[in-house]
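I opened this notebook to keep track of what I looked up, one topic per entry. I wanted to see how the strands and helices of the chain are put together.

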Amino acid sequence: MTVQTRQMVDSFCEMVRIDSESGREQEFIQYLQKLMERELGASSVIDAFGNLVCRVPARGSTAAPLLLAAHADTVSPGIGVEPVIQDGVIRSRGETILGADDKAGIAEIIAAVKASTRVPPLEIVVVRCEEIGLKGAKNLDYSLIKATRGVLMDSDVLDKVVIGGPSHYLIDVEVTGRSAHAGMEPEKGVSAIRAAALAFQWFPEGRVDPETTANVGIFRGGAIRNGIPERASLRAECRSLDHQKAERLRERIEKAFREAAANVGARADVSTELACRTYRLSEDAPMVQAAMEAIRACQLEAKTSVITGGTDASVYNENGIETVVLGIGARDEHSVDESVAIEDMEKAAEILVALLERCAYRGRSGGGQSEASGSGRTHGPGEKRTGAPVQGTE
Ligand SMILES: [Zn+2]
């Protein structure tokens with residue numbers, strides 16, 4: 001059986017019409033729960049965080065379970081999306097994003113599972129709040145998950161298997177100086193803006209090295225022109241594919257603000273958080289090999305790639321689930337120009353069918369042999385979770 005393109009496109013269009021901006025996914029999650037039960041014969045639960053976990057029994061396979069993952073939330077403006085199909089490409093009317101990120105991924109998962117004759121036991125997980133710091137994946141109830149291998153449908157191009165991601169630190173700085181009249185008694189003031197600005201010369205910004213970046217994205221300070229500014233606040237970040245480098249850069253940025261402030265008699269309060277931790281799958285990892293074969297089986301030249309954008313795969317890999325990220329065909333995500341070509345959705349679903357077929361044949365160890373299901377997770381629920389509360393990753 002092949003992928004039912006028309007059905008998949010109709011289903012996708014229905015999905016994008018249901019609002020699901022981050023934090024407000026409940027209606028969409030409930031819709032998906034019914035859809036998966038009806039279309040795939042799945043049994044399902046919604047965990048305490050509101051993530052959807054569906055189980056689809058194996059068909060013609062005794063292989064180990066496989067996680068199929070996507071996210072329910074979209075960025076804004078995502079309210080009142082109306083899909084328009086023109087020349088085989090689906091877009092929004094122009095005032096909103098489309099929400100192909102990640103609803104195309106969800107539609108492709110459903111179409112691929114329906115079209116496959118052989119599948120391993122499937123755990124289909126659709127999480128909330130991915131776009132605001134991978135919160136859903138971090139708060140997923142891992143006691144519901146048996147899979148130790150997985151596929152996240154949340155990348156762009158179809159010929160790429162994402163096998164690594166960065167360590168990503170969020171850095172919030174609040175600088176406090178002392179206010180005073182700028183003309184009458186400036187001697188009494190300490191400028192928080194100046195204190196913060198001084199720190200900039202002590203850390204690099206932009207592309208620090210080929211695998212490391214740093215950025216101050218928001219800088220706010222002061223209230224009136226003729227007053228010495230008492231407060232300044234910054235939102236910065238740094239990333240690296242090498243965790244130690246990200247860690248050292250975070251320390252350097254923290255120290256720069258603290259010392260610069262202290263030098264002029266101000267104070268800098270710095271709070272940092274690890275949004276996600278670097279991971280790197282081996283090119284020989286069974287899931288990487290299976291994904292490459294599946295892409296090649298669909299007449300594309302497969303390549304692996306490591307990205308500095310954060311995805312849920314970093315959280316799944318940290319929780320002992322060997323997870324690759326595959327493309328869904330979406331373009332210009334996070335903008336009102338977002339689109340997806342029907343042809344690309346079809347191809348993405350076909351790649352997933354080919355991958356399900358391969359995963360049905362083999363368990364975790366690879367090779368041609370089937371393996372009994374329930375091969376045992378290496379980590380207990382939450383054991384390796386980052387734990388810290390999460391805010392905005394983007
Ligand atoms: Zn996404």
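Before anything else I wrote down what pairing means here: two strands count as paired if DSSP finds at least two bridges between them. I also noted that I am working with a predicted model.

**Entry 1: strand E16 and its partners**

With that rule in hand, I looked up the neighbours of strand E16, residues 322–327. Strand E7 (residues 149–155) runs parallel to E16 and is joined to it by six bridges, and in this region I found Gly150 standing opposite Thr323 of E16. Strand E8 (residues 160–165) runs antiparallel to E16, with two bridges between them, and here Val162 stands opposite Val325 of E16.

I then asked myself how many of the six residues of E16 are buried. Six of the six are buried, so the strand is largely enclosed by the rest of the structure. I reminded myself that side chains in a regular strand alternate between the two faces of the sheet. When I checked the two sides of E16, I found both covered, with Glu322, Val324 and Leu326 buried on one side and Thr323, Val325 and Gly327 buried on the other.

**Entry 2: the five-stranded sheet**

Next I traced an open sheet of five strands, whose order is E10-E11-E12-E9-E13 and whose pairing is antiparallel. Strand E10 (206–209) and E13 stand at the edges with a single partner strand each, so one side of each has no neighbour in the sheet. From one strand to the next, the twist averages 20°.

I spent some time on strand E9 (residues 167–176), which is mostly covered, since seven of its 10 residues are buried. Strand E9 is joined to strand E12 (residues 231–240) by 10 bridges in the antiparallel sense, and to strand E13 (residues 267–276) by nine bridges, also antiparallel. Which residues stand across from Glu174 in these two strands? In E12 the bridge partner of Glu174 is Ser233, while in E13 Glu174 stands opposite Asp269.

On the other pairing of E12, I noted nine bridges to strand E11 (residues 212–221), which runs antiparallel to it, and I found Phe219 opposite Leu234 of E12.

I also looked for helices on this sheet. Helix H5 (residues 192–199) lies across E9, E11 and E12, and runs at about 20° to E12. Helix H6 (residues 243–263) lies across E9, E10, E11, E12 and E13, and runs at about 5° to E9.

**Entry 3: the four-stranded sheet**

I found an open sheet of four strands in the order E4-E5-E18-E17, again with antiparallel pairing. Its edges are strand E4 (84–86) and strand E17 (330–331), each with a single partner strand, so one side of each lacks a neighbour in the sheet. Between them, strand E5 (residues 89–91) and strand E18 (residues 339–341) pair over three bridges, and Val89 stands opposite Ala341 of E18. Helix H9 (residues 342–361) packs on this sheet and touches E5 and E18, its direction making about 70° with that of E18.

**Entry 4: two helix pairs**

I followed H9 to helix H7 (residues 286–297), and found that the two pack at an angle of about 135° with their axes 8 Å apart. That angle makes H7 oblique to H9, and H7 passes H9 in a right-handed crossing. Among the residues that meet are Ala290 and Ile295 in H7, and Ile351 and Leu355 in H9. By class, the contact has nine nonpolar, no polar and two charged residues.

For helix H2 (residues 26–40) and helix H3 (residues 100–115), the packing angle is about 15° and the axes are 10 Å apart. This makes H2 roughly parallel to H3, because angles under 35 degrees count as roughly parallel. Here Leu32, Glu39 and Leu40 in H2 meet Ile106, Ile110, Val113 and Lys114 in H3, a contact of five nonpolar, no polar and two charged residues.

**Entry 5: Tyr279**

Last, I looked up Tyr279, which is found in strand E14 (residues 279–280). Is Tyr279 buried or exposed? Tyr279 is buried, because 21 other C-beta atoms lie within 10 Å, and 20 or more are needed for that label. The C-alpha atoms of Tyr279 and Ser314 are separated by 6.2 Å, although these residues are 35 residues apart along the chain. Leaving out residues up to four places away in sequence, Tyr279 touches Gly164, Gly165, Ser314, Asn317 and Glu318.

Note on methods: Residues are numbered from 1 along each chain as its sequence is written. This is a predicted model: local features need pLDDT of at least 70, side-chain atom pairs count only at pLDDT 80 or more; totals for chains, interfaces and linings use all residues. Axes are lines fitted to C-alpha atoms, for helices over the stretch in contact, and angles run from 0 to 180 degrees between N-to-C directions. Angles under 35 degrees count as roughly parallel, over 145 as roughly antiparallel, 65 to 115 as roughly perpendicular and the rest as oblique. Two residues are in contact if their C-beta atoms, placed from the backbone, lie within 7 Å. Ala, Val, Leu, Ile, Met, Phe, Trp, Tyr, Cys and Pro count as nonpolar, Asp, Glu, Lys and Arg as charged, and the others, Gly among them, as polar. A residue is buried if 20 or more other C-beta atoms lie within 10 Å of its own, exposed if 12 or fewer, and partly exposed in between; C-beta atoms are placed from the backbone. A crossing is left-handed if the near helix is turned anticlockwise from the far one by less than a right angle, and right-handed if clockwise.
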